Amino acid sequence: MSRTLTVVGDINAVDTRTLLTAQGSVSTPSLVVPAGMKKIIKVIATAAADALADDGSVIFILRLGGSAVLGGEQVIVFGGLGNQTVQTGSDAAPSIGIPFQLDDVDIDISPSDTVSISAEAAGVDPGDTALAVTLVFA
Amino acid sequence: MPKQYRTREGTITAVSTKTQLSTLGSETAPGPLLVPANAKTLKAVISAFGCDLSVAADGAYIIRLEGSGLPEGPETLTIGSSGVPVATGGVYAMKANRVELDIPVTPSNEILIFAENTGEDTGSTTVGVTLEFGM
(Lines give C-alpha, C1' and ligand atoms only; values in the text may rest on other atoms or scores of the structure.)
Protein backbone atom coordinates (compact mmCIF):
# COMPACT_ATOMS: atom_id res chain seq x y z
CA MET A 1 0.00 0.00 0.00
CA SER A 2 1.26 3.49 -0.77
CA ARG A 3 0.15 7.04 -0.10
CA THR A 4 1.20 10.36 -1.62
CA LEU A 5 1.99 13.90 -0.50
CA THR A 6 2.54 16.78 -2.92
CA VAL A 7 3.81 20.28 -2.17
CA VAL A 8 4.59 23.21 -4.43
CA GLY A 9 6.40 26.52 -4.19
CA ASP A 10 8.34 29.23 -5.96
CA ILE A 11 12.05 29.93 -5.76
CA ASN A 12 12.84 33.52 -6.54
CA ALA A 13 16.43 33.72 -5.25
CA VAL A 14 19.38 31.37 -5.59
CA ASP A 15 21.12 29.69 -2.68
CA THR A 16 18.09 30.26 -0.49
CA ARG A 17 16.40 27.44 1.36
CA THR A 18 12.71 27.58 0.44
CA LEU A 19 10.13 25.59 2.35
CA LEU A 20 7.51 23.99 0.11
CA THR A 21 4.29 24.11 2.13
CA ALA A 22 1.50 24.91 -0.35
CA GLN A 23 -0.49 22.70 -2.70
CA GLY A 24 -2.15 24.94 -5.26
CA SER A 25 -5.75 25.50 -4.19
CA VAL A 26 -4.93 24.00 -0.78
CA SER A 27 -2.80 26.60 0.99
CA THR A 28 -1.71 24.48 3.96
CA PRO A 29 -1.83 20.74 3.25
CA SER A 30 -1.05 18.36 6.08
CA LEU A 31 2.63 17.41 6.20
CA VAL A 32 2.00 14.56 8.60
CA VAL A 33 3.13 11.14 7.38
CA PRO A 34 0.01 8.93 7.05
CA ALA A 35 -0.45 6.29 9.72
CA GLY A 36 1.17 2.97 8.92
CA MET A 37 3.72 4.38 6.48
CA LYS A 38 7.34 3.48 7.25
CA LYS A 39 9.35 4.60 4.23
CA ILE A 40 9.58 7.18 1.50
CA ILE A 41 9.79 4.90 -1.53
CA LYS A 42 9.67 7.42 -4.39
CA VAL A 43 10.38 11.09 -5.00
CA ILE A 44 8.93 12.94 -7.99
CA ALA A 45 10.12 16.50 -8.55
CA THR A 46 9.86 19.12 -11.27
CA ALA A 47 11.03 22.70 -11.80
CA ALA A 48 10.68 25.24 -14.61
CA ALA A 49 11.76 28.86 -14.86
CA ASP A 50 10.48 31.92 -16.67
CA ALA A 51 14.11 32.61 -17.71
CA LEU A 52 13.69 36.32 -17.08
CA ALA A 53 17.23 36.84 -15.79
CA ASP A 54 20.32 36.80 -18.00
CA ASP A 55 22.83 33.96 -17.91
CA GLY A 56 21.05 31.71 -15.47
CA SER A 57 22.59 28.37 -14.55
CA VAL A 58 21.33 26.40 -11.59
CA ILE A 59 20.86 22.97 -10.17
CA PHE A 60 17.99 22.12 -7.86
CA ILE A 61 18.40 20.49 -4.46
CA LEU A 62 15.62 18.81 -2.52
CA ARG A 63 15.91 18.65 1.27
CA LEU A 64 13.79 16.16 3.22
CA GLY A 65 13.77 16.63 6.96
CA GLY A 66 11.52 17.16 9.94
CA SER A 67 10.70 14.88 12.84
CA ALA A 68 9.39 12.16 10.51
CA VAL A 69 12.66 11.62 8.64
CA LEU A 70 14.80 9.21 10.62
CA GLY A 71 18.53 9.54 10.17
CA GLY A 72 18.48 13.30 9.72
CA GLU A 73 18.05 15.50 6.68
CA GLN A 74 18.35 13.83 3.30
CA VAL A 75 19.51 15.96 0.35
CA ILE A 76 18.96 15.01 -3.29
CA VAL A 77 19.84 16.80 -6.53
CA PHE A 78 16.86 16.53 -8.88
CA GLY A 79 17.48 18.78 -11.87
CA GLY A 80 19.09 21.78 -13.45
CA LEU A 81 18.41 24.47 -16.03
CA GLY A 82 20.12 27.36 -17.74
CA ASN A 83 19.44 30.23 -20.08
CA GLN A 84 21.38 32.86 -21.97
CA THR A 85 20.27 36.48 -22.47
CA VAL A 86 16.57 37.02 -21.78
CA GLN A 87 14.69 36.40 -25.00
CA THR A 88 12.10 38.89 -26.20
CA GLY A 89 11.21 37.65 -29.66
CA SER A 90 8.65 35.14 -30.78
CA ASP A 91 11.33 32.47 -31.05
CA ALA A 92 11.87 32.39 -27.30
CA ALA A 93 12.44 28.89 -25.99
CA PRO A 94 10.27 27.46 -23.25
CA SER A 95 11.51 25.82 -20.06
CA ILE A 96 9.80 22.45 -19.69
CA GLY A 97 10.13 20.55 -16.47
CA ILE A 98 9.81 16.87 -17.19
CA PRO A 99 9.40 15.23 -13.79
CA PHE A 100 12.43 13.59 -12.21
CA GLN A 101 11.36 10.31 -10.64
CA LEU A 102 13.55 8.48 -8.13
CA ASP A 103 12.08 5.00 -7.71
CA ASP A 104 14.27 3.43 -5.04
CA VAL A 105 14.49 6.10 -2.37
CA ASP A 106 14.15 3.87 0.72
CA ILE A 107 14.26 6.53 3.45
CA ASP A 108 13.05 5.43 6.87
CA ILE A 109 10.31 7.59 8.35
CA SER A 110 8.21 7.80 11.48
CA PRO A 111 4.46 7.62 10.82
CA SER A 112 2.26 10.38 12.20
CA ASP A 113 5.24 12.75 12.50
CA THR A 114 5.82 15.75 10.25
CA VAL A 115 7.98 15.88 7.16
CA SER A 116 9.68 19.10 6.13
CA ILE A 117 10.20 19.54 2.37
CA SER A 118 12.37 22.35 1.09
CA ALA A 119 14.24 23.11 -2.09
CA GLU A 120 17.00 25.37 -3.31
CA ALA A 121 18.34 26.58 -6.60
CA ALA A 122 22.14 26.67 -6.43
CA GLY A 123 24.11 28.69 -8.95
CA VAL A 124 23.24 31.78 -10.97
CA ASP A 125 19.69 33.14 -10.86
CA PRO A 126 17.63 32.25 -14.00
CA GLY A 127 14.55 34.22 -12.88
CA ASP A 128 11.51 32.88 -11.07
CA THR A 129 11.15 29.13 -10.74
CA ALA A 130 8.08 27.03 -9.95
CA LEU A 131 8.52 23.65 -8.31
CA ALA A 132 6.38 20.70 -7.32
CA VAL A 133 7.46 17.68 -5.30
CA THR A 134 5.62 14.44 -4.53
CA LEU A 135 6.67 11.94 -1.89
CA VAL A 136 5.29 8.40 -2.17
CA PHE A 137 5.11 6.61 1.18
CA ALA A 138 4.80 2.89 1.88
CA MET B 1 -3.09 -10.63 -13.52
CA PRO B 2 -4.85 -8.41 -16.09
CA LYS B 3 -5.00 -4.68 -15.70
CA GLN B 4 -7.61 -2.13 -16.66
CA TYR B 5 -7.07 1.43 -17.80
CA ARG B 6 -9.40 4.42 -17.40
CA THR B 7 -8.64 7.92 -18.71
CA ARG B 8 -9.95 11.46 -18.44
CA GLU B 9 -8.66 14.78 -19.77
CA GLY B 10 -9.42 18.46 -19.48
CA THR B 11 -7.99 21.96 -19.73
CA ILE B 12 -6.82 24.17 -16.86
CA THR B 13 -7.36 27.89 -17.40
CA ALA B 14 -6.92 29.36 -13.89
CA VAL B 15 -4.06 29.22 -11.40
CA SER B 16 -4.35 27.33 -8.08
CA THR B 17 -7.86 26.19 -8.95
CA LYS B 18 -9.10 22.62 -8.82
CA THR B 19 -10.25 21.69 -12.31
CA GLN B 20 -11.96 18.35 -12.78
CA LEU B 21 -10.85 16.28 -15.74
CA SER B 22 -14.19 15.00 -16.97
CA THR B 23 -13.98 14.58 -20.73
CA LEU B 24 -12.30 12.06 -22.98
CA GLY B 25 -11.56 13.63 -26.35
CA SER B 26 -14.49 12.79 -28.60
CA GLU B 27 -16.50 11.76 -25.55
CA THR B 28 -17.69 14.99 -23.98
CA ALA B 29 -19.64 13.26 -21.23
CA PRO B 30 -18.08 9.89 -20.49
CA GLY B 31 -19.71 9.86 -17.05
CA PRO B 32 -18.14 9.05 -13.70
CA LEU B 33 -14.82 7.22 -13.66
CA LEU B 34 -15.66 4.10 -11.66
CA VAL B 35 -13.13 1.71 -10.19
CA PRO B 36 -13.53 -1.50 -12.23
CA ALA B 37 -15.26 -4.40 -10.52
CA ASN B 38 -12.75 -6.69 -8.79
CA ALA B 39 -9.97 -4.07 -8.92
CA LYS B 40 -7.79 -4.25 -5.83
CA THR B 41 -5.29 -1.46 -6.33
CA LEU B 42 -4.50 1.69 -8.24
CA LYS B 43 -1.29 0.30 -9.62
CA ALA B 44 -0.03 3.32 -11.54
CA VAL B 45 -0.89 6.77 -12.82
CA ILE B 46 0.11 7.88 -16.33
CA SER B 47 -0.05 11.61 -17.08
CA ALA B 48 0.80 14.11 -19.77
CA PHE B 49 0.29 17.83 -20.21
CA GLY B 50 0.61 20.51 -22.88
CA CYS B 51 0.66 24.25 -22.13
CA ASP B 52 -0.04 26.90 -24.76
CA LEU B 53 2.75 29.08 -23.25
CA SER B 54 0.53 32.13 -23.65
CA VAL B 55 1.84 33.91 -20.54
CA ALA B 56 5.41 34.94 -19.69
CA ALA B 57 5.46 33.03 -16.43
CA ASP B 58 6.38 29.75 -14.78
CA GLY B 59 4.18 27.17 -13.10
CA ALA B 60 4.12 23.60 -11.89
CA TYR B 61 1.30 21.12 -12.49
CA ILE B 62 -0.18 18.65 -10.04
CA ILE B 63 -3.14 16.28 -10.05
CA ARG B 64 -5.51 15.27 -7.28
CA LEU B 65 -7.37 11.98 -6.99
CA GLU B 66 -10.44 12.05 -4.78
CA GLY B 67 -13.71 10.23 -4.24
CA SER B 68 -15.22 7.18 -2.61
CA GLY B 69 -13.13 4.89 -4.78
CA LEU B 70 -10.13 5.76 -2.60
CA PRO B 71 -10.84 4.45 0.91
CA GLU B 72 -7.60 5.86 2.37
CA GLY B 73 -8.42 9.39 1.20
CA PRO B 74 -7.19 11.80 -1.48
CA GLU B 75 -3.86 11.47 -3.26
CA THR B 76 -1.75 14.06 -5.09
CA LEU B 77 0.96 13.79 -7.73
CA THR B 78 3.45 16.09 -9.43
CA ILE B 79 3.18 15.84 -13.22
CA GLY B 80 5.51 18.55 -14.54
CA SER B 81 6.18 22.25 -15.02
CA SER B 82 6.74 24.88 -17.69
CA GLY B 83 7.79 28.47 -18.15
CA VAL B 84 8.57 30.89 -20.94
CA PRO B 85 10.01 34.45 -21.02
CA VAL B 86 7.63 35.85 -23.66
CA ALA B 87 3.98 35.17 -24.39
CA THR B 88 4.55 34.68 -28.10
CA GLY B 89 7.25 32.03 -28.20
CA GLY B 90 7.90 28.39 -27.66
CA VAL B 91 6.87 24.97 -28.86
CA TYR B 92 7.47 21.57 -27.31
CA ALA B 93 6.45 17.96 -27.16
CA MET B 94 6.94 15.42 -24.41
CA LYS B 95 6.11 11.86 -23.59
CA ALA B 96 3.72 10.83 -20.84
CA ASN B 97 5.09 9.92 -17.42
CA ARG B 98 4.12 6.78 -15.46
CA VAL B 99 4.34 6.56 -11.68
CA GLU B 100 3.93 3.13 -10.14
CA LEU B 101 1.86 3.13 -6.96
CA ASP B 102 -0.08 0.68 -4.83
CA ILE B 103 -3.12 2.52 -3.52
CA PRO B 104 -6.14 0.60 -2.23
CA VAL B 105 -9.39 1.16 -4.16
CA THR B 106 -13.06 0.36 -3.64
CA PRO B 107 -14.54 -1.39 -6.70
CA SER B 108 -17.50 0.23 -8.41
CA ASN B 109 -16.95 3.52 -6.58
CA GLU B 110 -15.98 6.79 -8.24
CA ILE B 111 -12.59 8.45 -8.50
CA LEU B 112 -12.58 12.14 -9.39
CA ILE B 113 -9.48 13.45 -11.14
CA PHE B 114 -8.50 17.10 -10.79
CA ALA B 115 -5.55 19.04 -12.20
CA GLU B 116 -4.05 22.33 -11.09
CA ASN B 117 -1.63 24.93 -12.38
CA THR B 118 0.33 25.98 -9.27
CA GLY B 119 2.81 28.85 -9.00
CA GLU B 120 2.14 31.43 -11.69
CA ASP B 121 -0.62 31.29 -14.29
CA THR B 122 1.03 29.87 -17.42
CA GLY B 123 -1.97 30.13 -19.74
CA SER B 124 -4.11 27.19 -20.83
CA THR B 125 -2.84 23.71 -20.05
CA THR B 126 -4.46 20.49 -21.19
CA VAL B 127 -3.89 17.52 -18.91
CA GLY B 128 -4.56 13.85 -19.55
CA VAL B 129 -4.51 11.22 -16.80
CA THR B 130 -4.82 7.44 -17.05
CA LEU B 131 -5.48 5.33 -13.98
CA GLU B 132 -4.02 1.84 -14.20
CA PHE B 133 -5.91 -0.62 -12.00
CA GLY B 134 -4.58 -3.96 -10.85
CA MET B 135 -7.04 -6.80 -10.40
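**Exercise 1. Find how strand 6 of chain A and strand 5 of chain B pair, and over how many bridges.**

Step 1. Strands here are DSSP runs of E with at least two residues, helices are runs of H or I with at least four, and both are numbered from the N terminus. Two strands pair if DSSP finds at least two bridges between them.

Step 2. Strand 6 of chain A and strand 5 of chain B are joined by three bridges, in the antiparallel sense. For a landmark, look at A:Ile96, which stands opposite B:Ser82 in strand 5 of chain B.

A note before you go on: this is a predicted model, in which local features need pLDDT of at least 70 and side-chain atom pairs count only at pLDDT 80 or more, while totals for chains, interfaces and linings use all residues. Residues are numbered from 1 along each chain as its sequence is written, and chains are lettered from A and ligands numbered from 1 in the order in which they are written.

**Exercise 2. Work out in which order the five strands of the open sheet lie, and which stand at the edges.**

Step 1. The order is 6(A)-5(B)-4(B)-7(B)-2(B), with antiparallel pairing.

Step 2. Strand 6 (95-97) of chain A and strand 2 (19-20) of chain B each have a single partner strand, so these two are the edges, and one side of each has no neighbour in the sheet.

Step 3. Now follow strand 4 of chain B. Strand 4 (residues 58-66) pairs antiparallel with strand 5 (residues 75-83) of chain B over eight bridges, and B:Tyr61 stands opposite B:Gly80. Strand 4 of chain B also pairs antiparallel with strand 7 (residues 112-119) of chain B, again over eight bridges; here B:Arg64 faces B:Phe114.

Step 4. Check burial. A residue is buried if 20 or more other C-beta atoms lie within 10 Å of its own, exposed if 12 or fewer, and partly exposed in between, with C-beta atoms placed from the backbone. Eight of the nine residues of strand 4 of chain B are buried, so this strand is largely enclosed by the rest of the structure.

**Exercise 3. Trace the partners of strand 3 of chain B.**

Step 1. Strand 3 (residues 41-51) of chain B pairs antiparallel with strand 6 (residues 97-104) of chain B over six bridges. In that pairing, B:Val45 has B:Val99 as its bridge partner.

Step 2. Ten bridges link strand 3 of chain B to strand 8 (residues 125-134) of chain B, also antiparallel. There, B:Leu42 has B:Phe133 as its bridge partner.

Step 3. Place these strands in their chain: chain B has eight strands and zero helices.

**Exercise 4. Describe the contact between chain A and chain B.**

Step 1. Two residues are in contact if their C-beta atoms, placed from the backbone, lie within 7 Å. On this basis, 43 residues of chain A are in contact with 38 residues of chain B.

Step 2. On the side of chain A that touches chain B, strand 10 of chain A gives the most, with seven residues.

Step 3. Sort that side by class. Ala, Val, Leu, Ile, Met, Phe, Trp, Tyr, Cys and Pro count as nonpolar, Asp, Glu, Lys and Arg as charged, and the others, Gly among them, as polar. The side of chain A that touches chain B then has 22 nonpolar, 16 polar and five charged residues.

**Exercise 5. Identify what B:Glu116 touches, and decide whether B:Glu116 is buried or exposed.**

Step 1. Locate B:Glu116 in strand 7 of chain B.

Step 2. Count the neighbours: B:Glu116 has 29 C-beta neighbours inside 10 Å, so B:Glu116 counts as buried.

Step 3. Leaving out residues up to four places away in sequence, the contacts of B:Glu116 include A:Gly24 and A:Ser25, along with B:Thr17, B:Lys18, B:Tyr61 and B:Ile62.

Step 4. Try a distance too: B:Ala29 is 87 residues from B:Glu116 along the chain, and their C-alpha atoms are separated by 21 Å.

Step 5. Set this against the whole chain: 44% of the 135 residues of chain B count as buried.
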